[in-house]
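Open the model in your viewer and keep the selection box ready. Each stop below says what to select and what is there.

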Amino acid sequence: MLNIRRFQTTTALLLALGMGAGAIAPFIATTPVMAQTQAQRQFTDVSSNYWASQFISSLAQRNIIAGFPDGTFRPNEPVTRAQYAAMVRKAFNQTTIRNSTRFVDVSTDFWAATAIDDAYRMGFLSGYPNNVFEPNQNIPRAQVLVSLANGLNYQASTIASANVYGDSGSIPSYATASIAAATEQQLVVNYPNVQALRPNQTATRADVAAFIYQALASQNQVAAVQSPYIVQLRSTTAQSSITTGTTIAVDYTDGDQIVLLPDETLPLTLQVAEAVTNRQGQVLIPRNSQVIGELRPATVGSQQGSQFVAQTLVLANGRRLDLQAQSTVITTTETIRRGASIGEVFAGAVLGSGAAAAIGSVTGDDEVQTWEVLTGTVAGAIGGLVLGRERVEVISVNPASDLTLTVSQTLVLAE
């Protein structure tokens, strides 16, 4: 009698972890505990208004997950990598994309060995270096989302989709692209704060149920459910994105004019002069946010000039985002001749170091040494840009009119 009870308890536990029915199929019809567990659709610790109730009950109806013999589901308990593999094996029947491998820490008689092998062959899970799987390691939320995106072969249209979360800076680098894809496919469910991903927090049984359900919904295997905790990227993007073609007005506070050589590259930090808002008036880029980039040599037709290329947007709260935006090509030039006084030509200007050296060599004006000079790089020798040692041609940039930026790739922001 003792052995029968021990077997019943073990069987129920395997089902609660999502173990595949095939491992214990001969006993399904004759084991009372299992029959009771499979019949459960509501759990004593999952009320109808519990945030994950719809996900849990729906998966229980499909026998993908199950509860414990005492009638509980224990939604807040952590999930191990082996347990997650068992759930994946029950939920999905994807085509295998690779052959089996032997993990050194998963013996052939380990309870989840078959599930781990199936999840590996379908592309949902991989091991660690040295062919280690760590089956008893608690699985973080980020790993679950990466697993589902990879196993279903989802690709992000833009990696910026991962930036919608307030804690996106905590996303591991290896997970960014896959989480962006999972976000676009609406696999992500965040409770209690829909904007907090908590990527490195251990996934709970409720978390995994929600993620797997949404993955099945993305494949049209289950009906979509309504939940305020599902991350809706489409609505977020509509309200919180800087779209291609958006203009950003900027200021340069260090000078009224920027002077550099046509072949000079000059790092520059600008300030957003006017807040960028969406149609609802929500501020997307606050005034005084910084735009970090550089003035680079550029051409229009056969005319050589300079163009500001943005690289990084630093919001007022310190958050840094990759920004792809450019100014027009600036082709306004000034010719500085021998004997000219720089103070008369460039009042209030900031000079690139290449321009300062070239102007000083032509004019012999010691005053250039007292001007603000920014360190830049010049393609080639400065001497070659001094025309006959009598004059030098420089690019003159008026920040107020020349440096308005146009966004060239949509930038997704967090609300």
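The tour goes from the whole chain to its cores, then to two helices, one alanine and a pocket.

**Whole chain**

Start with everything shown as a cartoon. This is a predicted model. The protein chain carries twelve helices and 19 strands. It has 415 residues, and 50% of them count as buried. Switch on the surface: the chain exposes about 19,100 Å², with 46% of that supplied by carbon and sulfur atoms. Now think about contacts. Take those between residues at least 6 apart in sequence: 72% of them join residues at least 24 apart.

**The largest nonpolar core**

Select Ile56, Tyr84, Phe92, Ile116, Leu148, Ile179 and Ile212. These residues have the most contacts inside the largest nonpolar core, which has 71 residues. Which helices each supply at least two residues of this core? Colour H3 (53–61), H4 (81–91), H5 (113–122), H6 (141–151), H7 (176–184) and H8 (205–218): each of them does. H8 gives the most, with ten residues.

Zoom in on Leu148 and show its neighbours. Leaving out residues up to four places away in sequence, Leu148 touches Tyr84, Phe92, Phe124, Leu187, Phe211, Ile212 and Ala215. Apart from this core lies another, of 32 residues. To find that other core, select Val250, Ile258, Leu270 and Ile395, which are among its members.

**Helix H3**

Select residues 53–61, which make up H3. The helix is mostly covered, with seven of its nine residues buried. Those seven are Ser53, Phe55, Ile56, Ser57, Ser58, Leu59 and Ala60. Add H8 to the view, since H8 is included in what covers them. Then step past the end of the helix. H3 is followed by Asn63, which has a positive phi, near 60 degrees.

**Helix H7**

Move to residues 176–184, the span of H7. Why is H7 described as largely enclosed by the rest of the structure? Seven of its nine residues are buried, so the rest of the structure largely encloses it. Pick them out: Thr176, Ser178, Ile179, Ala180, Ala181, Ala182 and Thr183. Just after H7 comes Gln186, with a positive phi of about 60 degrees.

**Ala181**

Stay in helix H7 and centre on Ala181. Its relative accessible area is 2%; Ala181 counts as buried because that value is under the 20% cut-off. Show what surrounds it. Not counting residues up to four places away in sequence, Ala181 touches Ala149, Tyr154, Gln155 and Ala156. Now draw a distance to Ala160. The two C-alpha atoms are 9.9 Å apart, and the residues are 21 apart in sequence.

**The largest pocket**

Ala160 leads to the last stop. The largest pocket has a volume of about 350 Å³. Its lining has 18 residues, and the closest to the centre are Ile159, Ala160, Asn163, Asp322 and Leu411. Select these five to place the pocket on screen. Then select strand E10, residues 320–322. The largest share of the lining, three residues, comes from this strand. Finally, colour the lining by class: it has seven nonpolar, nine polar and two charged residues.

Terms used: Residues numbered from 1 in each chain as written. Predicted model: local features only at pLDDT ≥ 70, side-chain atom pairs only at ≥ 80, totals over all residues. Heavy atoms only, no water. 1 Å grid on protein atoms, 1.4 Å probe; cavity = no way out; pocket = protein on both sides within 12 Å on 5 of 7 lines; lining within 4 Å. Points joined across faces, edges and corners; volume = space filled by probe spheres on them. Helix = DSSP H or I, 4+ residues; strand = E, 2+ residues; numbered from the N terminus. Nonpolar A, V, L, I, M, F, W, Y, C, P; charged D, E, K, R; others polar. Core = buried A, V, L, I, M, F, W, Y, C linked by side-chain atoms within 4.5 Å. Buried < 20%, exposed > 50% of the residue type's maximum accessible area, 1.4 Å probe, protein only. Contact = heavy atoms within 4.5 Å. Areas by Shrake-Rupley, 256 points an atom, 1.4 Å probe, with all protein chains shown as cover.
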